[in-house]
Amino acid sequence: MPTARQIFEARQRVQGIVRETPLLHSPALSARVPGEVFLKLESVQETGSFKLRGATARMAALSEEERRRGVITVSTGNHGRAVAFAARRMGIPAVVCLTDRVPAVKRDAIAALGAEIRIAGATQDEAEAAALRIAEAEGLTLIHPFDDPWVIAGQGTIGLELLDRLPELDTVVVPLSGGGLAGGIALALESADPALRVIGVSMERGAAMYESIRAGGPVEVEEYETLADCLSGGIGPENRYTLDLCRRLLDAVHLVSEEEIAEAMRLLFREERLVAEGGAAVGVAALLSGKVSPAATDRTVVVVSGRNIDPDRLLSVVG
Ligand SMILES: *Cc1c(COP(=O)(O)O)cnc(C)c1O
């Protein structure tokens, strides 16, 4: 199991590759819901999402021999781009397995970073199985998108930045898919004060962690087209870390609809002039829809986790 100490170690290891992201007060959201609302903008992280934190922390822990052989990963896009970026910075060869559903902007960004792309299957679970086979056959190290102690610790560095900038915060609302992001942040915050609340948010169309927490074990869900493409995919039938972390440390998990996600993207764009991809806007959607309802004295932080959306798709939603 990852520890809070590992998150501090991860913070040191990722220096020079990962940037500290801004935490901005949101006038638009603070006007609509009780208390004060702040946005943690992982959307302006290098590579356009927080995934760079976990990927870099994990790859910094590779042995010399593992670096020489190279890494492989499977991704809905953002993790693949993060691995490709960190691999290039560290001089490590990288293979990224994608499903044919991954948006072209994400695929092109990965290719531009020099990683080898292999299209493997129609679903996230099929692509993951393919990556495991290739890793085995070619002696590559799999950089898991969420279920790995170093990846979780890397994402948890967001929690340390929040405590640095806003130690009086009460609640953090976090997009939730495999649970590395929410689990890492919850681990960091719990070590500071168990009373801090961490709330996960997923889309209604394919909420694997939500269903798995309810069932008490990994549940496979259907994958659908959704605005929150970066949140699709299962938690893995052999989930080792994130299910347990999320079950123990998340105070609640909420689901939001496609229309609620679109509404959140519009508010961010039109009123805060911020770009968020669908999966990154689910926290804002949970606040706007009243599923998360802060008290009048609360300081609520919403993690805006990425901005890698195809520009035409963005305009079709916010225009
Ligand atoms: C991967 C991703 C998430 C979900 O992170 P998990 O660690 O899988 O829960 C949220 N937002 C964006 C933009 C992502 O790329």
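Me: Is Phe8 buried, partly exposed or exposed in this predicted model?
Reply: Good place to begin! In this predicted model, Phe8 is found in helix 1. Its relative accessible area is 44%. Buried would need a value under 20%, and exposed a value over 50%. Because 44% lies in between, Phe8 counts as partly exposed.

Me: How far apart in space are Phe8 and Gly154, C-alpha to C-alpha?
Reply: Along the sequence, these two residues are 146 residues apart. Phe8 belongs to helix 1 and Gly154 to helix 8, and both take part in the contact of these helices. From C-alpha to C-alpha, the distance between Phe8 and Gly154 in space is 8.9 Å.

Me: How are helix 1 and helix 8 oriented to each other, roughly parallel or roughly perpendicular?
Reply: Helix 1 covers residues 4–13 and helix 8 covers residues 149–165, with their axes 7 Å apart. The angle at which they pack is about 90°. Angles of 65 to 115 degrees count as roughly perpendicular. Helix 1 and helix 8 are therefore roughly perpendicular.

Me: How many charged residues are in the contact of helix 1 with helix 8?
Reply: From helix 1, the contact includes Ile7, Glu9 and Arg11. From helix 8, it includes Trp150, Leu160 and Asp164. By class, the contact residues divide into 7 nonpolar and 4 polar, and the number that are charged is 5.

Me: Are helix 5 and helix 6 roughly parallel or roughly antiparallel?
Reply: Helix 5 (residues 78–90) packs against helix 6 (residues 104–112) with the axes 9 Å apart. The angle of the pair is about 10°. Since angles under 35 degrees count as roughly parallel, helix 5 and helix 6 are roughly parallel.

Me: Is the crossing of helix 5 and helix 6 left-handed or right-handed?
Reply: Let's see who meets whom: Asn78, Gly80, Arg81, Ala84 and Arg88 in helix 5 meet Lys106, Ala109, Ile110 and Ala112 in helix 6. By class, this contact has 4 nonpolar, 2 polar and 3 charged residues. As for its hand, the crossing of helix 5 and helix 6 is left-handed.

Me: How far apart are the closest N and O atoms of Arg68 and Glu65?
Reply: Both residues sit in helix 4 (residues 64–69), and because they are 3 residues apart there, about one helical turn separates them. Arg68 is exposed, with a relative accessible area of 58%, while Glu65 is partly exposed at 37%. The two form a salt bridge, and the distance between their closest N and O atoms is 2.6 Å.

Me: How many residues apart in sequence are the parts that Glu138 and Arg118 tie together?
Reply: The side chains of Glu138 and Arg118 meet in a salt bridge, 3.2 Å from N to O. Glu138 lies in helix 7 (residues 124–138) and Arg118 in strand 5 (residues 116–119), so the pair ties together parts whose separation in sequence is 20 residues.

Me: Which of the words buried, partly exposed or exposed fits Arg118?
Reply: Its partner Glu138 is partly exposed, with a relative accessible area of 40%. For Arg118, the relative accessibility is 23%. Buried means under 20%, so Arg118 counts as partly exposed.

Me: In which helix are Arg247 and Asp244 about one helical turn apart?
Reply: Arg247 and Asp244 form a salt bridge, with closest N and O atoms 4.0 Å apart. Arg247 is partly exposed at 39% relative accessible area, and Asp244 is partly exposed at 25%. Because they are 3 residues apart within residues 242–249, about one turn separates them, and the helix is helix 11.

Me: Which residues do salt bridges that share partners join into one network?
Reply: The pairs above belong to a longer list, as the count comes to 22 salt bridges. Some of these bridges share partners, and they join into one network Lys40, Glu42, Arg53 and Glu161.

Me: Is Ser202 buried or exposed?
Reply: Ser202 is found in strand 8 (residues 197–203). It touches Leu176, Ala207, Leu231, His254, Leu255 and Val256, leaving aside residues up to four places away in sequence. Its relative accessible area is 1%, and because anything under 20% counts as buried, Ser202 is buried.

Me: How far apart in space are Ser191 and Gly48, C-alpha to C-alpha?
Reply: Ser191 lies in helix 9 (residues 180–192) and counts as partly exposed at 45% relative accessibility. Gly48 is 143 residues away from Ser191 in sequence. In space, the C-alpha to C-alpha distance between Ser191 and Gly48 is 28 Å.

Terms used:
Residues numbered from 1 in each chain as written. Predicted model: local features only at pLDDT ≥ 70, side-chain atom pairs only at ≥ 80, totals over all residues. Heavy atoms only, no water. Helix = DSSP H or I, 4+ residues; strand = E, 2+ residues; numbered from the N terminus. Buried < 20%, exposed > 50% of the residue type's maximum accessible area, 1.4 Å probe, protein only. Axes fitted to C-alpha atoms, helices over the stretch in contact; angles between N-to-C directions. Parallel < 35°, antiparallel > 145°, perpendicular 65-115°, else oblique. Contact = heavy atoms within 4.5 Å. Nonpolar A, V, L, I, M, F, W, Y, C, P; charged D, E, K, R; others polar. Left-handed = near helix turned anticlockwise from the far one by under 90°.
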